[in-house]
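This report walks through the side-chain contacts and the overall build of a single chain, and is best read with the structure open alongside.

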Amino acid sequence: MKSTHSTKIRFITLSAALGGLLFGYDTAVISGAIGDLTRYFTLTPMETGWAISSALLGCLLGALISNFCSSRWGRKKAMILAALLFIVNSIGTAIPDTFTEFIIYRIIGGIGVGLASMVVPMYIAEIAPAQRRGALVGHYQLAIVIGIVLVYFVNYGIALQGNAQWNLTVGWRWMFGSELIPSVLFFIFIFFIPESPRWLFMQGKAQSAMTVLHAINSEQDVQKEREDIEKSLQSERPQAWKSLRNPKYKKALGVGIGLSLLQQLTGINAILYYAPEIFKSLGSATDASLLETSTLGVINLFFTLLAIRWVDRKGRKPLLYLGSIGMALALLTVGLFIYFEWEKTFVLPFLLLFMASFSISWGPIVWVLLAEIFPNSIRSLALAISVFIQWIANFLVTQFFPFMVENVWIDRYFNGAFPFYFFGLLCLLSFFFVWKKVPETKHLTLEEMNALWN
């Protein structure tokens, strides 16, 4: 591939990946604002929880409509819609007069996250050449991590601009409003990238599709790409819902759903959302717990970069094996330390091991696989279903983690270690799932994915 094509591919990938950055930004922005938001609106504990989880409801709705939007209007217009939802959310959550108004705009932002979480990785996979697809789709997960880390620093910087009273009345509004900048950038950059050539072929717009293929591929690759795509589409004419009745497509969807479920059942979001409280329960002061949580974010970023570097060299399955073993070892060890009340200062290194293991494997690699394993005719629908299931699992893990920690009966028998044992065993299960069910897709074209399920 010529360097000009490589540069175009990178620009397209980074522009689309801004949707991932907004995913991370929108998810994490409330962490710095929730205290002052709770006091400003005088929220009950249930209402505080709703302020956080309402976005997840929006994410479910966004995932639910993502197949319709991306199939009917195209990948590019679906991303434009997601950008508009992010813009409305960033303005609306910054200026609400009532808590109800805040929740409405929070749900709108969640719809944008759910829509982007399906469309962006699929779009990147459909644009990327087979030899670089893993690394390029991995940029989506990297963007999510950067968004999370970025908003931590933005929230901290805004909080320093005034005293406690200023933060109570104004500061939290600026935190939510700060999302407007990346939202507008995402909206603008989407207009400078092409539509997915595979979607254009599916719509019978062969000339437009060829224009895109010529722009992002060398001349010797263009004709082969066209032949592969058209041959794939000719053999997959039935509508997507009807195609799912085919046993091989059921198998592909089963793997996609399994990957989505297990990514969340590693406990990653329970660790991320409740990390400061976990560290406080182990004896850390508030400042120390925030510092330890920040350390998890830095490790997340570093090992996501490493995953992007390795995914197309070492393959998908080896990295998933490595991550499953590392996460299981880390969580089961943390459980032992907590159960036997051993020296709790050693818990942090093992939580860092857990984060490193997830970030090099089940974080980015699952998004790569979900974006590429489905044949062309069912990709949009199957990915939408998988992402929808993933958001449900995210919600359930987040909702029930406090119960696993605080339940009196569970605590009597497990002394606070139960959630770590539980997630650790599920990490072991993820190893066997990959071994038995997940195919290796390194260097395969998207059109060759169909043969994997025969």
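## A salt bridge within one helix

Asp36 has a relative accessibility of 12%, and because buried residues are those under 20%, Asp36 counts as buried. Its partner Arg39 is exposed, with a relative accessible area of 54%, and the side chains of Asp36 and Arg39 meet in a salt bridge in which N and O are 2.7 Å apart. Asp36 and Arg39 are separated by about one helical turn, because they stand three residues apart in helix H1. These statements, like those that follow, describe a predicted model.

## Salt bridges between distant parts of the chain

Side chains of opposite charge can pair when their charged atoms come close. How many salt bridges does the count give? The count comes to seven salt bridges. One of the pairs is formed by Arg106 and Asp26, whose closest N and O atoms are 3.9 Å apart. This pair links distant parts of the chain, since Arg106 belongs to helix H4 (residues 99-127) and Asp26 to helix H1 (residues 3-40), with their positions 80 residues apart. Both Arg106 and Asp26 are buried.

A salt bridge also joins the side chains of Arg75 and Glu126, at 2.9 Å from N to O. Here too the pair links distant parts of the chain, with Arg75 in helix H3 (residues 75-92) and Glu126 in helix H4, 51 residues apart. Are these two residues buried or exposed? Arg75 is buried, with a relative accessible area of 1%, and Glu126 counts as buried at 0% relative accessibility. Elsewhere, Arg133, Asp312, Arg316 and Glu372 are joined into one network by salt bridges that share partners.

## A nonpolar patch on the surface

Which residues form the nonpolar patch on the surface? The patch is formed by Phe11, Ile181, Val184, Leu185, Ile188, Phe189, Phe191 and Phe192, which together have about 750 Å² of accessible area. Helix H7 (residues 180-190) gives the most to this nonpolar patch, contributing five residues. Leu185, one of the residues of the patch, lies in helix H7, and Leu185 is partly exposed, with a relative accessible area of 38%.

## Aromatic pairs and a cluster

A pair of aromatic rings is described by the distance of the centres and the angle of the planes. The structure holds 24 aromatic pairs, among them the tilted pair of Tyr321 and Phe431, with 4.9 Å from centre to centre and 45° between the planes. Tyr321 lies in helix H15 (residues 316-339) and Phe431 in helix H20 (residues 418-437), so that this pair, 110 residues apart, links distant parts of the chain. Tyr321 is partly exposed, with a relative accessible area of 21%, and Phe431 counts as partly exposed at 22% relative accessibility.

Trp409 and Tyr413 form an aromatic pair that is tilted, with centres 4.9 Å apart and an angle of 50° between the planes. Both Trp409 and Tyr413 lie in helix H19 (residues 408-414), where they are four residues apart, about one turn of the helix. Tyr413 is partly exposed, with a relative accessible area of 48%. In addition, Tyr40, Phe41, Phe99, Phe102, Trp172 and Phe176 form one aromatic cluster.

## Charges over tryptophan rings

Where does the charged end of Lys314 sit? The charged end of Lys314 sits over the ring of Trp310, at 5.1 Å from the centre of that ring. The charged end of Lys436 sits over the ring of Trp435, with 4.6 Å to the ring centre.

## The chain as a whole

The secondary structure of the chain comes to 21 helices and zero strands. The radius of gyration of the chain is 22 Å, close to the 22 Å that the globule rule gives for 454 residues, and the chain is therefore as compact as a globular protein of that length.

Taken along the principal axes, the box filled by the C-alpha atoms of the chain is roughly 60 × 45 × 40 Å. Of the 454 residues in the chain, buried residues make up 57%.

Technical notes. Residues numbered from 1 in each chain as written. Predicted model: local features only at pLDDT ≥ 70, side-chain atom pairs only at ≥ 80, totals over all residues. Heavy atoms only, no water. Salt bridge = Lys/Arg side-chain N within 4 Å of Asp/Glu carboxyl O. Helix = DSSP H or I, 4+ residues; strand = E, 2+ residues; numbered from the N terminus. Buried < 20%, exposed > 50% of the residue type's maximum accessible area, 1.4 Å probe, protein only. Patch = residues over 30% accessible without salt bridge, like charges linked within 9 Å, V, L, I, M, F, W, Y side chains within 5 Å. Areas by Shrake-Rupley, 256 points an atom, 1.4 Å probe, with all protein chains shown as cover. Phe/Tyr/Trp six-rings, centres within 6.5 Å; stacked < 30°, edge-to-face > 60°. Lys NZ or Arg CZ within 6 Å of the ring centre and 35° of its normal. Rg over C-alpha atoms; globule rule 2.2 N^0.38 Å.
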